[in-house]
Amino acid sequence: MSGFNKDDYLNDLPDADQAAADAAGAADSAAQSASDPAAQGAEPNEPSSDAKADNDNSDGDKDPNKDSDSQDSLTPLGQAKKEAAEYLDALQRERAEFVNFRNRSKKEQDRFREHGIIDVLTALLPALDDIDRIKEHSDIDDSFSAVATKIDKAFERFGVEKFGEVGEPFDPTKHEAILHKPDETVTTETVDTVVEAGYRIGDRVVRAARVVVASPKA
């Protein structure tokens, strides 16, 4: 059996510095292989076909008119058109408000005018009733009759209508019955006597006609 030689064993061991250098070189080669796109067999910057399709669809969904309107709104012509439309809308609103105000004012004026006529007519009713009684129960000369006619025509110009005639059907909406008397000659309630004439303006009754009503016998 040969003896163990320590020097020969140490000489056969690999150099430590050389082993470290070889290990570092192998690590660098592995890192370069991992980072090289060609080694992996694909290009990392190339998008997939699905991603391309999504991008194409999103581009197709864009509204070209929206971009065009945005650009026009920034131009002087587009801004001028926008301001003109705003001024026109404001003018139309002001015109509508003015028309409504004018209509309301006219209604108010008509109402005040009607109230004024009613006040004057109400104040003159006793005198008008006296004129009617004189005309009915006594002979009057032509001059007095002419004055009475002028008064009636003056009220007619202001829309005042005189009503209440003997023989017309009794209507409680415009007649005030101060007396009912039975009458064999009538079949419905009828105005027999007009005590005081009625007056109205349009559909508004200022004073109902005060009458004696002939009623059919039961």
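Reader: What share of the contacts in the protein with a separation of 6 or more is accounted for by residues 24 or more positions apart?

Author: The model discussed here is predicted. Contacts with a separation of 6 or more are the ones counted, and among these the residues 24 or more positions apart are singled out. Their share of those contacts is 63%.

Reader: In what order do the helices and strands run from the N terminus on?

Author: The protein has seven helices and six strands. The helices come before the strands along the chain. From the N terminus on, the order is α-α-α-α-α-α-α-β-β-β-β-β-β.

Reader: What residue with a positive phi follows helix α7?

Author: Helix α7 covers residues 142-157, which makes 16 residues. From its first C-alpha to its last it reaches 23 Å, close to the 22 Å expected at 1.5 Å a residue. After α7 comes a residue whose phi is positive, near 85 degrees, and that residue is G159.

Reader: Which element gives the most residues to the largest nonpolar core?

Author: The largest nonpolar core has ten residues, including I117, I118, L121, F155 and I201. Two elements give two or more residues to this core, namely α6 (76-137) and β4 (198-201). With five residues, the element that gives the most is α6.

Reader: Why does this core lie between two domains, and which domains are they?

Author: The core includes I118, V160 and I201. I118 is in contact with I201, R204 and V206, leaving aside its neighbours within four places in sequence. Because both domains give residues to the core, it lies between domain 1 (76-158) and domain 2 (160-217).

Reader: How many residues does the second, separate core have?

Author: This core is separate from the largest one, and F170, A209, V211 and V213 are among its members. One of them, F170, is found in the loop between β1 (160-163) and β2. The number of residues in this second core is seven.

Reader: Is F170 buried or exposed?

Author: Not counting neighbours within four places in sequence, F170 is in contact with H175, A177, E189, T190, V191, V211 and V213. Its relative accessible area is 18%, and the cut-off for a buried residue is under 20%. F170 is therefore buried.

Reader: Which side chain forms a polar contact of 2.8 Å with the side chain of H175?

Author: H175 lies in strand β2 (residues 175-183) and is buried, with a relative accessible area of 4%. Beyond its neighbours within four places in sequence, H175 is in contact with several residues, among them P169, F170, V191 and A209. The polar contact of 2.8 Å joins the side chain of H175 to that of E168.

Reader: How far apart in space are E196 and R210, C-alpha to C-alpha?

Author: E196 is found in strand β3 (residues 190-196), and a polar contact of 2.8 Å joins its side chain to that of R210. The two residues are 14 residues apart in sequence. In space, C-alpha to C-alpha, E196 and R210 are apart by 5.1 Å.

Reader: With which side chain does the side chain of E196 make a polar contact of 3.2 Å?

Author: E196 is buried, with a relative accessible area of 12%. Leaving out residues up to four places away in sequence, E196 touches D129, R133, R207, A209 and R210. The polar contact of 3.2 Å is made with the side chain of R133.

Methods
Residues numbered from 1 in each chain as written. Predicted model: local features only at pLDDT ≥ 70, side-chain atom pairs only at ≥ 80, totals over all residues. Heavy atoms only, no water. Helix = DSSP H or I, 4+ residues; strand = E, 2+ residues; numbered from the N terminus. Expected span 1.5 Å × (residues − 1). Core = buried A, V, L, I, M, F, W, Y, C linked by side-chain atoms within 4.5 Å. Buried < 20%, exposed > 50% of the residue type's maximum accessible area, 1.4 Å probe, protein only. Domains from an automatic or database assignment. Contact = heavy atoms within 4.5 Å. Polar contact = N/O pair within 3.5 Å; in protein donor to acceptor, adjacent residues only side chain to side chain.
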